[in-house]
Amino acid sequence: MPDVALTWLGHAAFRIDSPGGKRIYVDPFLTGNPKCPEAEQQPERMDILALTHGHSDHVGDSVALTKKFKPEVVAQVEVKGWLGGQGAQIGELPGINKGGSQEIDGIRFTLTDARHSSSADDGTYLGESCGYVIEFENGFKIYFAGDTCVFGDMQLIGRIYEPHVAVLPIGDWFTMGPREAAVALELIGVERCVPSHYGTFPLLTGTPAKLRELASGVEILEPQPGETIEL
């Protein structure tokens, strides 16, 4: 089977083309994202939409995208229910929760812990922030940490799921910065990392260069917004 193709869309938004041809969007903050290339702000298709939590810089264009493409929606139960209340097309299944998994067309999504908040712009409670381990049709696994600080149970995520690549926030201020992300990489035990949630706004000062300096023995992949890398 072909490799997993991962495209960074700026901030914490990603497009994934799976080995089996499924197109997945994670946290599709597109039209309001100053780092998302204009050509990427209107998707051509979408089979699966996965959300880590309810903040608007992650939910992004989800409501409109579900109406247009009717993808399978993977999200924590509170977030998925709230989306339905906003008019999103979410299907009949409730959302999953931490430790739970949902399999769609041979791709398995498992919700993991994350340490962060989760709410709508008006303050509505939307559960807790989460991460994902996504296992693709060929067995390749990516750990999307979501918005989080470093925490000791990342070691359990590495032990249980054995991801091949970790996508970690490094911007600081709202999430961990490079110093904490370097420790997270030690706990998870991966050899490759894709940094995210940096450079979008002036407050997000963490850089891949700083993470590379601190994360000994880990390959820090640094796609530019709109760039696709094969994993």
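Which residue forms a salt bridge with D17? I will start there and work outwards. Please keep in mind that this is a predicted model.

The partner of D17 is R23, and the closest N and O atoms of the pair are 2.8 Å apart. As for their surroundings, R23 and D17 are both buried.

That pair is part of something wider. A network of salt bridges links R15, D17, R23 and E40. Within this group, the side chain of R15 also meets that of E40 in a salt bridge, with an N to O distance of 2.5 Å. Where do these two sit? R15 belongs to strand β2, residues 14–17, while E40 is in the loop between β3 (23–26) and β4 (48–50), so the salt bridge ties together parts that lie 25 residues apart in sequence. E40 has a relative accessibility of 16%, and it counts as buried because the cut-off for that is under 20%. R15 is buried too, at 9% relative accessible area.

So much for the network. In total, the structure holds 11 salt bridges, and I will pick out one more.

This next one is in helix α6, which covers residues 208–214. There the side chains of K210 and E213 meet in a salt bridge, 3.2 Å from N to O. How far apart are K210 and E213 in the helix? They are three residues apart, which means a separation of about one helical turn. Is E213 buried or exposed? E213 is exposed, with a relative accessible area of 57%. K210 is partly exposed, and its value is 38%.

Now to the backbone, and two residues with a positive phi. The first one I will take is D172. Its phi is near 75 degrees, which is a positive value in a residue other than glycine. D172 is placed in the loop between β10, residues 165–169, and α5, residues 178–188. With 37% relative accessible area, D172 is partly exposed.

The second is H197. Here phi is near 55 degrees, again positive and again in a residue other than glycine. Where is H197 placed? It lies in the loop between β11 (192–196) and α6. That is the helix in which K210 and E213 lie. H197 counts as buried, at 1% relative accessibility.

To go back to the opening question: R23 and D17 form a salt bridge, both are buried, and they are linked with R15 and E40 in a network of salt bridges. That is what I have for today.

Key
Residues numbered from 1 in each chain as written. Predicted model: local features only at pLDDT ≥ 70, side-chain atom pairs only at ≥ 80, totals over all residues. Heavy atoms only, no water. Salt bridge = Lys/Arg side-chain N within 4 Å of Asp/Glu carboxyl O. Helix = DSSP H or I, 4+ residues; strand = E, 2+ residues; numbered from the N terminus. Buried < 20%, exposed > 50% of the residue type's maximum accessible area, 1.4 Å probe, protein only.
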